Amino acid sequence: FAEIVRVVTTLQKRPWDEFANRRGDWGRDLALLLGRTRGGLTLRELGQEIGMKPHAVSKAIMRLAERLAKDARLQRVKLRALRMLEGSEHEL
């Protein structure tokens, strides 16, 4: 999850602490989505990482999925994050 947070903070161009606790912030929600889909973390594990209840993590991920379906710019941000994560995996 730390690598996902690093990628998202790079894309946000802001420190994690500035948006991690903001409901509806695409950065926080993207980190949760990627943590779930790419990191294989459970809702409980993600919640423990950022201090949220599993149900709230689930809702945040669902909200972002709805936004992604309609927002082409956000889709491009997600693709860029995925590429960055793939690049970091090749470096390991």
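**Notes on a predicted helical model**

1. A good place to start is K13, which sits in the loop between α1 and α2. Please keep in mind throughout that this is a predicted model. K13 is not a glycine, yet its phi is positive, at about 60°. Most residues other than glycine have a negative phi. The residue comes just after α1. Is K13 buried or exposed? With a relative accessible area of 72%, K13 is exposed.

2. Stepping back into α1, the helix runs over residues 2-12. Its buried residues are I4, V5, V7, V8, T9, L11 and Q12. V5 can serve as an example: its relative accessibility is 15%, and because buried means under 20%, V5 counts as buried. You may also like to look at V5 together with Q48, which is 43 residues away along the chain; their C-alpha atoms are separated by 14 Å.

3. Next, the aromatic rings. A pair of aromatic rings is described by the distance of the centres and the angle of the planes. The model has 2 aromatic pairs. One of them joins F1 and W16 in an edge-to-face arrangement, with 6.3 Å from centre to centre and 85° between the planes. F1 belongs to the segment before α1 while W16 is in helix α2 (residues 16-19), so this pair ties together parts that are 15 residues apart in sequence.

4. W16 also takes part in an aromatic pair with F19, again edge-to-face, at 5.3 Å centre to centre and with 75° between the planes. These two residues are 3 apart in helix α2, which means that about one helical turn separates them. Both W16 and F19 are buried; for W16 the relative accessible area is 18%. Taken together, the ring pairs link F1, W16 and F19 into a cluster.

5. On to helix packing. Two packed helices are described by the angle between their axes and the distance between the axes. Here the axes of helix α3 (residues 26-37) and helix α4 (residues 43-50) come within 10 Å and cross at roughly 140°. That angle makes α3 oblique to α4, because the label of roughly antiparallel is kept for angles over 145 degrees. The crossing of the two helices, α3 and α4, is right-handed.

6. Staying with α4, which of its residues are buried? They are L46, G47 and I50. These three cover an arc of only 100° around the axis, so they lie on the same side of α4. The face of α4 turned away from that buried side carries R44 and Q48, which are exposed. Q48 is the residue already met in the C-alpha separation from V5.

7. Finally, α5, which covers residues 54-70. Its 17 residues, at 1.5 Å a residue, should span 24 Å, and the end C-alpha atoms are 25 Å apart, so expectation and model agree. The buried residues of α5 are V57, A60, I61, L64 and L68. They cover an arc of only 95° around the axis, which puts them on the same side of α5. Which exposed residues does the face turned away from the buried side carry? On that face of α5 you will find H55, E66, A69 and K70.

Technical notes. Residues are numbered from 1 along each chain as its sequence is written. This is a predicted model: local features need pLDDT of at least 70, side-chain atom pairs count only at pLDDT 80 or more; totals for chains, interfaces and linings use all residues. Side-chain values use heavy atoms; hydrogens and water are left out. Helices (H or I, at least four residues) and strands (E, at least two) are DSSP runs, numbered from the N terminus. The expected span of a helix is 1.5 Å times one less than its number of residues. Buried means under 20% relative accessible area, exposed over 50%, partly exposed in between (1.4 Å probe, protein chains only). The arc is that of the directions from the helix axis to the C-beta atoms. Rings of Phe, Tyr and Trp (its six-membered ring) pair if their centres lie within 6.5 Å; planes under 30 degrees apart count as stacked, over 60 as edge-to-face and the rest as tilted. Axes are lines fitted to C-alpha atoms, for helices over the stretch in contact, and angles run from 0 to 180 degrees between N-to-C directions. Angles under 35 degrees count as roughly parallel, over 145 as roughly antiparallel, 65 to 115 as roughly perpendicular and the rest as oblique. A crossing is left-handed if the near helix is turned anticlockwise from the far one by less than a right angle, and right-handed if clockwise.
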